[in-house]
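Biologist: I have a structure open and would like to learn how to read its strands and helices. Could you walk me through it?

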Amino acid sequence: MSATTDHEMVDVLVVGSGIAGLAAALASAREGEEVVVATKATRPEGASSWWAQGGIAVSRDHPEQFKQDILAASDGTADPDAVDVLVENANEAVRDVLVETLDVNFDSHEDDQRESSERASGDEDYDFTREAAHSEDRILHVDAATGKHVHVPFLHYLDDHDNVEIRDDTAALELIRHEGRVHGAMLESGGDAAPLYAGATVLATGGIGDLFTHSTNPTGSTGDGIAMAALAGADVADMEYVQFHPTAFASDDAVDSFLVSEAVRGEGALLRNGAGERFMPDYHDDAELAPRDVVARAVAAEREATGTVVLDVSPLDFAAEFPGLVEKCEDRGVDYTEGIPVAPAEHFLCGGVAVDDRGRTSLDRLYAVGECARTGVHGANRLASTSLLEGLVWGLRAGSDAAGHAPTVIEAPELLERDPDLPEDFARQKFLRLRRVMDEYVGIERDPADLNRALGVLRRLKGEVDAYVRTRTARSLYELRNASVTALLVTRHAIENDESVGTHHVVEAEPTEEPEPRADD
């Protein structure tokens, strides 16, 4: 890889191409700004939004009830003011962007061929559904694959926009910063790195799934935006709140796993243990529709006690209602009529870079939106089908606020290339080590002693990675650095919070030994 002295300038740089990043790009472009969207993803599957199944929640006519559901799911830890921003802007954001601009055809009760825009004046025709911890049917969806039905037309729309350029397979390595202000980022593409100076920079880099062996996130979810912002001096918050989805297909091969949407339980599917017993009523009054953190811990406990947990889909017409999930089952030889084997998997980070109601971070001209941002909406536990909505609402607000700043050229970080290339398997082996520690010690349940053991291992790992980053520039190495920084942040925040709340569940476990180093460590 070579670092060049060439540079470009743009009004707004957006790093990431999920719904939050695309919404920010759209809003800035509407203000007349020239926008570059830099994404290391290969479209469209490389962005987290594409994988979203359940749908997007809206307020309908009951924003106050929606707010109360979000607060209840968060165990009372969500920021009420942030939740107000979400629920008060939900209907208009969805109508404006998804219905009128992108013409997303959400599922409807009607079989006539009216366009979505013709139904926008009223919601009575939409097939609203309900998921865990929602008190009413308020979730718009397209089958159980809402994300891709939103994401693909969004990409196509911006591809055709005169003010927006989307650069695939382009990674941000470092933020360009000076005296509390961010001036853009060092971008890498095709082995070359160069600065892109921006009037404002919006981070929309998604989640942290690569820190765990089993995750519903796409490959490449290494916490890049969080790590870059933290290293630049931005505030982060609530990093201990890592949500695990309770019903991912249980497979020994992480690549083979897939998310079984919460909407399936919303339509009546039941969780049964290895003895065939329905167990969720023993854990929570809302049974299968309890908050995600409760269901995830229950599924983990029953798997440990009885060997397996399956999702019984016999109470609903699964084939008709969820054909996409049927196809996934059949591709893997799973007879869904006998129940779908499920297990918890890392799903969503509720914390991240701390931002205000416009997505502004503690650094001037730096914004964060989507999963990499901590808006305060989710608190300790995210309510189902609010992630696409949060990304859309905060993306629009941040993109609009980011407009109007002229880029300034300053000295860019020096990316060195002094030493030979890394061994081919270096990053992969270090990631295996990181994931073993996170799986064992920083998962669904956390023991304080184990968290401190994890902290020691992760510090040593980061030290090793830093030594290489100082003299080598490679995307895989920077991803490993970002994952190491983010893992340390999650672990430190978990140690600092001794209260069990939401997704952060503290237990006093039997003493365990640190995982023995392996030859590949």
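Modeller: Happily! Two strands pair if DSSP finds at least two bridges between them. Strands (E, at least two residues) and helices (H or I, at least four) are DSSP runs, numbered from the N terminus. This is a predicted model, where local features need pLDDT of at least 70 and side-chain atom pairs count only at pLDDT 80 or more, while totals for chains, interfaces and linings use all residues. Residues are numbered from 1 along each chain as its sequence is written, and side-chain values use heavy atoms, with hydrogens and water left out.

Biologist: Which residue of β9 stands opposite Leu-13?

Modeller: Thr-201 does. Strand β2 (residues 8-15) pairs with β9 through seven bridges in the parallel sense. Thr-201 also stands opposite Leu-366 in β16; strand β16 (residues 366-368) runs parallel to β9 and is joined to it by three bridges.

Biologist: How many bridges link β8 and β9?

Modeller: Six, and here the pairing is antiparallel, with β8 covering residues 181-189. Met-186 has Pro-195 of β9 as its bridge partner. Two residues lie between the strands of this hairpin, and Gly-190 there takes a positive phi near 65°.

Biologist: Why is β9 described as largely enclosed by the rest of the structure?

Modeller: Buried means under 20% relative accessible area, exposed over 50%, and partly exposed in between (1.4 Å probe, protein chains only). Because 10 of the 12 residues of β9 (residues 192-203) are buried, the strand is largely enclosed.

Biologist: How should I read the two faces of a strand?

Modeller: In a regular strand, side chains alternate between the two faces of the sheet. In β13 (residues 309-312), Val-309 and Leu-311 are buried on one side, and Val-310 and Asp-312 are buried on the other. Val-310 is the bridge partner of Arg-272, within the four-bridge antiparallel pairing of β12 (residues 270-273) with β13. Val-310 also stands opposite Pro-341 in β14; β14 (residues 340-349) is antiparallel to β13, with two bridges between them.

Biologist: And helices: at what angle do α11 and α13 pack?

Modeller: Axes are lines fitted to C-alpha atoms, for helices over the stretch in contact, and angles run from 0 to 180 degrees between N-to-C directions. For α11 (residues 426-441) and α13 (residues 475-496), the angle is about 15° and the axes are 10 Å apart. Angles under 35 degrees count as roughly parallel, over 145 as roughly antiparallel, 65 to 115 as roughly perpendicular and the rest as oblique, so α11 is roughly parallel to α13.
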